[in-house]
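The report below works outward from one residue to its surroundings, and then to the chain as a whole. Please keep the sequence and the coordinates in view while reading.

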Amino acid sequence: MKKNRFLITLFALMLLVLSACGNSDTKDTAAKEKKPAPKPAPTELILATTTSTQDSGLLDVLVPMFEKENNVKVKTIAVGTGQALEMGTRGEADVLLVHAPAAEKAVVDAGDAINYKRVMYNDFILVGPKDNPAGVSGNDIKAAFKTLADTKSTFVSRGDDSGTHKKELGIWTADNIQPAGDWYVSTGQGMGQTLQVAAEKKGYVLTDRATWLAQEKNLDTLKIVVEGGNDLMNIYHVMQVNPEKHDKINSKDAEKFVNFMVDSKTQDVIENFGKKEYGQSLFFKYTE
């Protein structure tokens, strides 16, 4: 009798051990089969911006930061500010980074852009041949333009409705001058290419300081001749294209990009960009 009880107890213990092993194997198998959820594919954001943010190299730093933080692939289209704003009004871009405040305000007032934020600034400068045949200098840009027109000195214009081109036209208008003739060359191209043309023709050209500093090493026939005037400040803004007027806009990521640009961490990156390589900031933080 005792022997039978012993065998029954032993058999029960074996069943318990086998059951425990079976549960453990099941758990191990489940753990092995459980894989981390795949990372979702990045969404796409179209950024229309002025050429100076690209030619200076600033976007090469900021865009990868934004893409990594937000799992977004940014498609950058660098054109003149006028073209970038037109893309916004046609709903062909999600977010705009530009530098022509009067033209920008018209787009915002028309309801084509929202979430309009000031981001940064630098300044415009007049660059000319190293021998400076027109003899312009100082910080009076209107006086310099008048001298260039009077002496018919070669002037190279972007001619592309960019923020820099709009600024240039505003100076001519303030001088009551309509530039025309062989001395006035229009490239219809971005800032970097226009500086190259000015270097080849040994002409004068209005440029933003950031692009000048980034390109200066390749422009050995040119130098800064006029700078520092109070009317030469160059302010950049960012804004979302209004999804209520354009139904294909990626408004979610556009809002993230606006917030990213005015974030204090990004602002510090903007302020420090170029200091090590050029000895000075190419842009200065300037949020509201």
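## Thr-53 and its surroundings

In this predicted model, Thr-53 is in contact with Leu-58, Leu-59, Leu-97, Met-120 and Tyr-236, once its neighbours within four places in sequence are left aside. Thr-53 belongs to helix 2, which covers residues 51-55, and its relative accessible area is 0%. Because buried residues are those under 20% relative accessible area, Thr-53 counts as buried. Its side chain also takes part in a polar contact, at 2.9 Å, with the side chain of Thr-49.

## Asn-122 in strand 4

Asn-122 lies in strand 4, made up of residues 113-129, and is buried, with a relative accessibility of 3%. Two contacts of its side chain can be described: one is a polar contact of 2.8 Å with the side chain of Asn-234, and another reaches the backbone oxygen of Leu-282 at 3.2 Å.

Residues up to four places away in sequence not being counted, Asn-122 touches Asp-208, Arg-209, Ala-210, Leu-232, Met-233, Asn-234, Tyr-236, Leu-282 and Phe-283. Tyr-236 is thus a contact of Asn-122, and Tyr-236 is also a contact of Thr-53.

## The nonpolar cores

The largest nonpolar core contains 39 residues, and within this core Met-261 and Phe-283 have the most contacts. Phe-283, again without residues up to four places away in sequence, touches a set of residues that includes Ser-52, Ser-56, Leu-58, Met-120, Tyr-121, Asn-122 and Tyr-236; also among its contacts are Ala-210, Ile-270, Glu-271 and Phe-273. A second core, separate from the largest one, has 20 residues, among them Ala-134, Ile-141, Trp-172 and Val-226.

Leu-58, Met-120 and Tyr-236 are contacts of Phe-283, and these three residues are likewise in contact with Thr-53.

## Helix 3

Helix 3 runs over residues 58-70, and its 13 residues reach 19 Å from the first C-alpha to the last, close to the 18 Å expected at 1.5 Å a residue. Buried positions in this helix are Leu-58, Leu-59, Leu-62, Val-63, Phe-66 and Glu-67. Viewed down the axis of helix 3, the buried residues fall within an arc of 130 degrees, so they line one face of the helix. This arrangement can be read against a general property: an α-helix has 3.6 residues a turn, so residues three or four places apart point the same way.

Asp-60 and Lys-68 are exposed on the other side of helix 3. After the helix comes Asn-71, which has a positive phi, near 50 degrees.

## Asp-150 in helix 6

Asp-150 is found in helix 6, residues 141-150. In contrast to the buried residues discussed above, Asp-150 is exposed, its relative accessible area being 54%. Its C-alpha atom is separated by 9.4 Å from that of Ala-134, a residue 16 residues apart from it along the chain; Ala-134 is itself included in the second core.

## The chain as a whole

The protein chain has 12 helices and 10 strands, and buried residues make up 46% of its 288 residues. Of the contacts between residues at least 6 apart in sequence, 76% join residues at least 24 apart. The accessible surface of the chain comes to about 15100 Å², and carbon and sulfur atoms account for 52% of this surface.

Conventions: Residues numbered from 1 in each chain as written. Predicted model: local features only at pLDDT ≥ 70, side-chain atom pairs only at ≥ 80, totals over all residues. Heavy atoms only, no water. Helix = DSSP H or I, 4+ residues; strand = E, 2+ residues; numbered from the N terminus. Buried < 20%, exposed > 50% of the residue type's maximum accessible area, 1.4 Å probe, protein only. Polar contact = N/O pair within 3.5 Å; in protein donor to acceptor, adjacent residues only side chain to side chain. Contact = heavy atoms within 4.5 Å. Core = buried A, V, L, I, M, F, W, Y, C linked by side-chain atoms within 4.5 Å. Areas by Shrake-Rupley, 256 points an atom, 1.4 Å probe, with all protein chains shown as cover. Expected span 1.5 Å × (residues − 1). Arc of directions from axis to C-beta.
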